[in-house]
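Trainee: Could we go through this structure together, one question at a time? I would like to learn how to reason from what is on the screen.

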Amino acid sequence: MRAIAGTDQLFVTTLPDPEPEPTDVVIDVVAAGVNRADLLQRAGHYPPPPGAVDTLGLEVSGRISAVGRHVSDWSIGDEVCALLAGGGYAEKVAVPAVQVLPKPLGVDLISAAALPEVACTVASNLFDTAHLDNGELLLIHGGSSGIGTHATQVAHALGIRVAVTARTPDKLARCQDLGADILIDYSTEDFVQVVRDSGGADVILDIMGAAYLERNVKALRTGGRLVIIGMQGGIKAELPIGTLLSKRATVHGTMLRSRPVEGVGSKAEVVASTRRVTWPLIDEGRVRPIVDSTFPLDDVEAAHARLDSGGAIGKVLLTMG
Ligand SMILES: NC(=O)c1ccc[n+]([C@@H]2O[C@H](COP(=O)([O-])OP(=O)(O)OC[C@H]3O[C@@H](n4cnc5c(N)ncnc54)[C@H](OP(=O)(O)O)[C@@H]3O)[C@@H](O)[C@H]2O)c1
């Protein structure tokens, strides 16, 4: 099969077709999502977890072409998308059956590749970790990102007020189209002040890490929950413990890729709760995959450059056809 290899320069190579373990399925890949984590892995900052293949690619869509002998939930020919620990930039990938989701109704098979990573990240962090509730205020940093465009739609569909940060008026306008109520241009406005003027955030979904830690805690209201999922602003900062305690607030950190396949806190649990919470919203058309651009596998460098440019709104995809 054709697959992407390399780090400094990515290139198409030929690898042996994967064989399914007894609890795996093999997917003939139609499209693969490009994630910021892929750029980090390529730069040597985000190594694959033990046991995972070292080729890039955390999510795919496609058709099942082989089924392990212990798998009963999926059949050859099923149209699916899947969360991976790696290996998605390839024509075929083997994945534990518990990490597979059905292609949602009304979503084409290519666009379905834009869903697993964002949907699983958003559902697990907002609901399983932060227990975000109806009527609360959610602050999402990077509202126009792959994660942000999805989180905004899901929260809006569930009656949650959404504030977003982004860098330009056109990105903020797109966030508003997706359901954001409070638009904050972080290059000209102080998000702490804007959010406090609305009573403070009940939950913050943060991708900036160290750079925003102190301000995020200030922006929380009493009982607020800060969930850090990214380190784009660094990994070391001082936590204002006095403010945290007086607000009875909590700080969480999570990473999807390093979760075990099964058991407590596993990818299997996350995929199951995402299917329960988010898939009906997508099936009903209330949440859509937001695809910025698609590139053929041979143009993988251009796909990475597009995500790296900061111009993308939503997801960048690679297609195998
Ligand atoms: N922990 C996990 O399990 C997990 C899973 C998935 C993703 N993530 C993380 O989530 C983040 C988003 O992932 P993605 O694939 O959706 O990336 P992406 O589409 O490339 O988005 C990156 C975003 O960062 C925003 N940004 C940059 N500087 C900012 C600042 N100072 N304030 C607010 N926003 C800022 C950019 O917005 P502007 O263009 O407006 O600046 C852009 O929207 C990444 O950090 C990724 O590593 C974590």
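Trainee: Leaving aside neighbours within four places in sequence, which residues is Val 80 in contact with?
Mentor: Good place to begin, and do keep in mind that this is a predicted model. Val 80 sits in strand S5, which covers residues 79-83. Once the neighbours within four places in sequence are set aside, the contacts of Val 80 are Ile 27, Gly 62, Ile 64, Val 100, Leu 101, Pro 102 and Lys 103.

Trainee: Does Val 80 count as buried or exposed?
Mentor: Let us count neighbours. A residue is called buried if 20 or more other C-beta atoms lie within 10 Å of its own. Val 80 has 23 C-beta neighbours inside 10 Å, so Val 80 counts as buried.

Trainee: And how far apart are the C-alpha atoms of Val 80 and Glu 262?
Mentor: Along the chain, Val 80 and Glu 262 are 182 residues apart. In space, the separation of their C-alpha atoms is 20 Å.

Trainee: Now Asp 28: is it buried, exposed or partly exposed?
Mentor: Asp 28 belongs to strand S3, residues 24-34. The cut-offs are 20 or more C-beta atoms for buried and 12 or fewer for exposed, with partly exposed in between. Asp 28 has 18 other C-beta atoms within 10 Å, so the label is partly exposed.

Trainee: What separates the C-alpha atoms of Asp 28 and Lys 92?
Mentor: Asp 28 touches Gly 62, Arg 63, Ser 65, Glu 91 and Lys 92, if residues up to four places away in sequence are not counted. Lys 92 is thus one of its contacts, although the two are 64 residues apart along the chain. Their C-alpha atoms are separated by 4.7 Å.

Trainee: How many of the 14 residues of H2 are buried?
Mentor: You can go along the helix and tick off the buried residues, among them Pro 116, Glu 117, Val 118 and Leu 126. H2 is mostly covered. The number of buried residues is twelve.

Trainee: Are H2 and H8 roughly parallel or roughly perpendicular?
Mentor: H2 spans residues 116-129 and H8 spans residues 267-277, and their axes come within 9 Å. The axes cross at roughly 85 degrees. That angle makes the two helices roughly perpendicular.

Trainee: Which residues of H8 meet H2?
Mentor: Start from the H2 side, where Ala 119, Cys 120, Ala 123, Ser 124, Phe 127 and Asp 128 take part. The residues of this contact divide into seven nonpolar, three polar and one charged. On the H8 side, the partners are Val 270, Val 271, Ser 273, Thr 274 and Val 277.

Trainee: What is the phi of His 131, which follows H2?
Mentor: His 131 lies in the loop between H2 and strand S8 (137-141). His 131 counts as exposed, because 11 other C-beta atoms lie within 10 Å. Its phi is positive, in a residue other than glycine, with a value near 50 degrees.

Trainee: Where is Arg 248 found?
Mentor: Arg 248 also has a positive phi, near 50 degrees. With 10 other C-beta atoms within 10 Å, Arg 248 is exposed. Its place is the loop between helix H7 (241-246) and strand S13 (250-253).

Trainee: How far apart in space are Gly 106 and Ile 282, C-alpha to C-alpha?
Mentor: Gly 106 is in the loop between strand S7 (100-102) and H2, and counts as exposed with 11 C-beta neighbours inside 10 Å. In sequence, Gly 106 and Ile 282 are 176 residues apart. C-alpha to C-alpha, the distance is 8.2 Å.

Trainee: How far apart do the C-alpha centres of domain 1 and domain 2 lie?
Mentor: Domain 1 takes in 2-115 + 289-319, and domain 2 takes in 119-253. Six residues from domain 1 and eight residues from domain 2 form the contact. Between the C-alpha centres the distance is 28 Å.

Trainee: Last one: which feature does UniProt place at residues 6-318?
Mentor: That span is 28% helix and 26% strand, and its end C-alpha atoms lie 16 Å apart. The name comes from an unreviewed UniProt entry, which lists "domain: Enoyl reductase (ER)".

Notes: Residues are numbered from 1 along each chain as its sequence is written. This is a predicted model: local features need pLDDT of at least 70, side-chain atom pairs count only at pLDDT 80 or more; totals for chains, interfaces and linings use all residues. Axes are lines fitted to C-alpha atoms, for helices over the stretch in contact, and angles run from 0 to 180 degrees between N-to-C directions. Helices (H or I, at least four residues) and strands (E, at least two) are DSSP runs, numbered from the N terminus. Angles under 35 degrees count as roughly parallel, over 145 as roughly antiparallel, 65 to 115 as roughly perpendicular and the rest as oblique. Two residues are in contact if their C-beta atoms, placed from the backbone, lie within 7 Å. Ala, Val, Leu, Ile, Met, Phe, Trp, Tyr, Cys and Pro count as nonpolar, Asp, Glu, Lys and Arg as charged, and the others, Gly among them, as polar. Domain bounds come from an automatic or database domain assignment. UniProt positions are given in the numbering used here, feature names are shortened, and annotations may be inferred rather than shown by experiment.
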